[in-house]
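I opened this entry to keep track of what I looked up, place by place, and of how each reading was reached.

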Amino acid sequence: MNRHRHQQAFFVSSAVVASRLRTVMQIAKEISLAAKNAKAIAERAGEKANSFKPITDFIDEMGRETIQLVEEINDQALSVSRSAVEEFRCSDASARFVRATELLGDNERTKVLSEKAEAIRKDAQRQQKEVHQQAMQLLDLLQQIGSCMRASGVISTRSRVEAVTAEEYQESLQVVAETIEKASERIKGIIRDCENTIHHSM
Amino acid sequence: MKETILFDEGYQWIMFGRDPDKPEGIIDTNQFMIKDGNRNVLLDPGGIEIFSSMLACVTRYADPSEISDIFASHQDPDIISSLGLWDRAVPHAKLHAPWLWEGFIRHFGCENIQYCGISDEGGEIELNHTRLQFIPAHYLHASGNYHVYDPEAKILMSGDVGAALEPEGAPMFVEDFDQHVQKMILFHQRWMPSNRAKNDWIRRVRKLNIEIMAPQHGRLFKGDDVKRFLDWFEALEVGTGIKNTARSYA
Ligand SMILES: [Fe+2]
Ligand SMILES: [Fe+2]
């Protein structure tokens, strides 16, 4: 029954991941907003912020990509959870059929029951593989967000440097860059937690 | 699980109960099987926790491929929460259960088994030696509820009506009716909601020729004890839960 406990953790953990992603979504929206803000400032700064503009475009895109990824991950987490529940039901049924076979003992029909038990065990195994595969896809998506955030972290650090040339706009651009940098850090932290949660259930 | 043959003339009624394998804290239930050649019917096959014992017992009498029908008197978990497992064991079977509860009972898992809803006025199914009648027992206790009457064997499977809360290992049949009453009062007063429904059921059931009345919990009634039960039940006031609401929160 050990496997049960482990699978149980799985359909719970995918729900936990889905709920943490709500926060990620919120932060990603903040990043998008900050990027738009930066764009507006850069617009006003004109030539002085020329080197800053492509950076804000890039960050804006990162934010949007993250939001889209979060939506994908949400769907994926739900699939994992659904498959894990099915796997749990399958394994449970398998154990109960095995028990029935034991209780029947030596009987002309024992073979009928044990064949059924075996078929369900194979079903459960197939389902378990499916859960594993889906969990790997989930990890992959999480990793994609992770690398998005690493990139926007690097870019926002660079934009702080670029902001120096923006003279009177320097300070507000630097504030925006800092906001994005912090937001990326927070998302990275949450994603790391999510990855750990999934790994623990595997 | 203990097995008792209730009838054996050309076909059989078998009762399974008093499962020693069942986990603590769940109510003991009586399950029934009618074995009639290639037609094998399970009546109120029980909850998930007793499925393994039931499947083993049933398989001693028939190949699972010969279980043709399942009957569920109502939607309770102790009646039919094992459905998702029977759905794997006997995917070709038909489930006869209240039409009213279809959307609810399907929550237990019913992907292969065909759900045949019994209409409010009841119904019947023909086996090889007999024709089983689904007798309406609405509000006793579920709002959509049936009992099974076999006019050949003269057995009435009466679901929760006649149920008693017994200690483990109680005998199969009522021996002293007056003593047995104590074990039935609470169950009937609190679980049965309607005096009108109860009296209507008694009026109809009195017309049936019954040798054995077989409830889903506790002991079975035989011969004169069936009439004793009907008299006792007629005089009993049910639906007593509301008496306690004077002390309740709202
Ligand atoms: Fe019930
Ligand atoms: Fe019951």
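**The two metal sites**

I began with the bridge in this predicted model: Asp160(B) joins the iron ion (ligand 2) to the iron ion (ligand 1), and the two ions lie 3.5 Å apart. I then asked how distant parts of the chain are linked here, and found Asp160(B) in the loop between strand S11 (155-157) and helix H5 (177-181) of chain B, with His217(B) 57 residues apart from it in the loop between strand S12 (212-214) and strand S13 (221-222) of chain B. I noted both Asp160(B) and His217(B) as buried.

Which protein atoms hold the iron ion (ligand 2)? I listed Asp78(B) through OD, Asp160(B) through OD, Gln216(B) through OE1 and His217(B) through NE2, at 2.2 to 2.3 Å. Along the sequence, I wrote the spacing of these donor residues as D-x81-D-x55-Q-H. The angles subtended by the four donor atoms around the iron ion (ligand 2) run from 81 to 170 degrees, so I recorded the arrangement as irregular.

For the iron ion (ligand 1), I found the protein donors to be His74(B) (NE2), Asp76(B) (OD), His141(B) (NE2) and Asp160(B) (OD), lying 2.0 to 2.2 Å from the ion. Their spacing in sequence reads H-x1-D-x64-H-x18-D, and I noted that His74(B) and Asp76(B) are buried. Why is the arrangement around the iron ion (ligand 1) called irregular? The four donor atoms subtend angles of 86 to 169 degrees, and a tetrahedral label would need all angles to lie between 85 and 135 degrees. For reference I kept in mind that the ideal angle for four tetrahedral donors is 109.5 degrees.

**Backbone around the donors and elsewhere in chain B**

I next checked the backbone at one of the donors, His141(B), which sits in the loop between strand S9 (131-136) and strand S10 (146-150) of chain B. The peptide bond leading from Leu140(B) into His141(B) is cis, with omega near 0 degrees.

I also looked up two residues with positive phi. Arg18(B), although not a glycine, has a phi of about 55 degrees, and I placed Arg18(B) in the loop between strand S2 (12-17) and strand S3 (31-36) of chain B. Is Arg18(B) buried or exposed? Its relative accessibility is 13%, and therefore I counted Arg18(B) as buried. Asp44(B), likewise a residue other than glycine, has a phi near 45 degrees and lies in the loop between strand S4 (39-43) and helix H1 (51-61) of chain B. With a relative accessible area of 0%, Asp44(B) is buried.

**Helix packing in chain A**

Turning to chain A, I found that helix H2 (residues 53-104) and helix H3 (residues 110-162) pack at an angle of about 165 degrees, with their axes 7 Å apart. I therefore described H2(A) as roughly antiparallel to H3(A), and I noted their crossing as left-handed. Sorted by class, the contact between H2(A) and H3(A) contains 30 nonpolar, 17 polar and ten charged residues.

Within helix H2 of chain A I picked out Asn74(A), which at a relative accessible area of 29% is partly exposed. I finally took the C-alpha separation of Asn74(A) and Lys53(A), which is 32 Å for two residues that stand 21 residues apart along the chain.

Technical notes: Residues are numbered from 1 along each chain as its sequence is written. Chains are lettered from A and ligands numbered from 1 in the order in which they are written. This is a predicted model: local features need pLDDT of at least 70, side-chain atom pairs count only at pLDDT 80 or more; totals for chains, interfaces and linings use all residues. Side-chain values use heavy atoms; hydrogens and water are left out. Axes are lines fitted to C-alpha atoms, for helices over the stretch in contact, and angles run from 0 to 180 degrees between N-to-C directions. Helices (H or I, at least four residues) and strands (E, at least two) are DSSP runs, numbered from the N terminus. Angles under 35 degrees count as roughly parallel, over 145 as roughly antiparallel, 65 to 115 as roughly perpendicular and the rest as oblique. A crossing is left-handed if the near helix is turned anticlockwise from the far one by less than a right angle, and right-handed if clockwise. Ala, Val, Leu, Ile, Met, Phe, Trp, Tyr, Cys and Pro count as nonpolar, Asp, Glu, Lys and Arg as charged, and the others, Gly among them, as polar. Donors are N, O and S atoms within 2.8 Å of the metal (3.2 Å for Na, K and Ca); water is not among the atoms, so sites may look incomplete. Four donors count as tetrahedral if all angles lie between 85 and 135 degrees; four count as square planar and six as octahedral if opposite donors are over 155 degrees apart and all others between 65 and 115; anything else is irregular. Buried means under 20% relative accessible area, exposed over 50%, partly exposed in between (1.4 Å probe, protein chains only).
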